[in-house]
Amino acid sequence: MSRPTPRSCENVPGHAARTGAGGPPAWTRRPGEASPGRPPELLQLAGGISLHRRSVTHAAALNAAVRANLEHLRPWLEWAAAAPSPAQTEELARAGSAAWDAGTDFIYLVGLDSRPGSVIGSFGLHGRIGPGALEIGYWVSAEHVGRGIATTAAEALTAAALALPGIERVEIHCDQANGASAAVPRKLGFRLDRTTDAAVRAPGETGRQQIWVKER
């Protein structure tokens, strides 16, 4: 799984967005700056799964999914060190909804179409890596790992991100020891741009972070 929350990932300096011939510079932004566009709130994917914009109505199902997967998530995700309370998850959902409305972060939950309201993972497009770029973060529940869900959802989010005005680059960050996470950008044709030193914040991390990149 990649790093799906802002506090679990260091910001990475972005590159300037391209300038159109004969026109003004393409829109760029600093980390946390608002995007002028918004991705779709619902993405229906192959394999009977969908990505839904996260809302407070999902809080109970999300809390249950996180609590059921703490052992699975803990090696790679700092926030999985302790089980969140229902109130904490609800507050997180409210904050995420506000960030979506502000255009700074776009958080989705993945669910099974056959089980409306189900939550089997979380994905996000995060505006935390500098101008003209979004970072994809994700996790999938242990029960559904190995079914291509992360790859399918990340592919859809990559396309959605690059369709937004001013977004020229998508990145996926993961610890070099997290082979399952690294397999996702590799399958999707991302290039491994660099491996950098990073603070160790979860038990499975090595302190070496891979930065995978795909450009428009």
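This is a conversation between a student and a tutor about a predicted model of one protein chain.

Student: How many helices and strands are there in the chain, and in what order do the elements run?

Tutor: The chain has five helices and eight strands, and from the N terminus on the elements follow the pattern β-β-α-α-α-β-β-β-α-β-α-β-β.

Student: What makes β1 and β7 edge strands of the sheet?

Tutor: The open sheet has eight strands in the order β1-β2-β3-β4-β5-β6-β8-β7, and its pairing is mixed. At the edges stand β1 (42-45) and β7 (191-197), each of which has a single partner strand, so one side of each is left without a neighbour in the sheet. Neighbouring strands of this sheet are turned by 25° against each other on average, direction ignored.

Student: How do you know that β6 and β8 are paired?

Tutor: Two strands count as paired if at least two bridges are found between them. Seven bridges join β6 (residues 169-175) to β8 (residues 208-215), and the two strands run antiparallel; by that cut-off they are therefore a pair. One of the partnerships can be named, for His173 has Ile211 in β8 as its bridge partner.

Student: Why is the pairing in this sheet called mixed?

Tutor: Strands of a sheet can pair in either the parallel or the antiparallel sense. In this sheet, β5 and β6 pair in the parallel sense over four bridges, with Ile136 standing opposite Ile172 in β6. By contrast, six bridges join β4 to β5 in an antiparallel arrangement, and β3 and β4 also pair in the antiparallel sense, over six bridges. The sheet is accordingly listed with mixed pairing.

Student: Which residues stand opposite each other around β4?

Tutor: Towards β5, Gly124 stands opposite Gly137, and Ser122 has Trp139 as its bridge partner. On the β3 side, Asp105 stands opposite His126 in β4. Strands β4 and β5 also form a hairpin, with six residues between them, and Gly130 in the turn has a positive phi of about 105°.

Student: What makes β5 a mostly covered strand?

Tutor: A residue is called buried when its relative accessible area is under 20%, and eight of the eight residues of β5 are buried. In a regular strand the side chains alternate between the two faces of the sheet. Here Ala133, Glu135, Gly137 and Trp139 lie on one side of β5, Leu134, Ile136, Tyr138 and Val140 lie on the other, and all are buried, so that both faces of the strand are covered.

Student: How many residues of β4 are buried, and which way do they point?

Tutor: Six of the six residues of β4 are buried. Gly121, Phe123 and Leu125 point one way from the strand, while Ser122, Gly124 and His126 point the other way. For the chain as a whole, buried residues make up 51% of the 216 residues.

Student: Why is Leu70 called buried?

Tutor: The relative accessible area of Leu70 is 9%, and the cut-off for a buried residue is under 20%, so Leu70 meets it. Leu70 is found in helix α2 (residues 70-73). Leaving aside its neighbours within four places in sequence, Leu70 is in contact with Ala80, Ala82 and Ala83. The C-alpha atoms of Leu70 and Ser141 are separated by 9.5 Å, although these residues are 71 residues apart along the chain.

Student: Where do helices α4 and α5 lie against the strands?

Tutor: Helix α4 (residues 149-162) packs on the sheet and touches β1, β2, β3, β4, β5, β6 and β8, with its direction making about 25° with that of β4. Helix α5 (residues 179-187) lies across β5, β6 and β8, and runs at about 20° to β8.

Student: What lines the second largest pocket, and how are its lining residues divided by class?

Tutor: This pocket has a volume of about 310 Å³, and of the 20 residues that line it, the closest to its centre are Val145, Gly146, Ala150, Ala180 and Val184. The elements β5, α4 and α5 each supply at least two residues of the lining, and the largest share, five residues, comes from α5. By class, the lining has 11 nonpolar, seven polar and two charged residues.

How values were computed. Residues numbered from 1 in each chain as written. Predicted model: local features only at pLDDT ≥ 70, side-chain atom pairs only at ≥ 80, totals over all residues. Heavy atoms only, no water. Axes fitted to C-alpha atoms, helices over the stretch in contact; angles between N-to-C directions. Contact = heavy atoms within 4.5 Å. 1 Å grid on protein atoms, 1.4 Å probe; cavity = no way out; pocket = protein on both sides within 12 Å on 5 of 7 lines; lining within 4 Å. Points joined across faces, edges and corners; volume = space filled by probe spheres on them. Nonpolar A, V, L, I, M, F, W, Y, C, P; charged D, E, K, R; others polar. Buried < 20%, exposed > 50% of the residue type's maximum accessible area, 1.4 Å probe, protein only.
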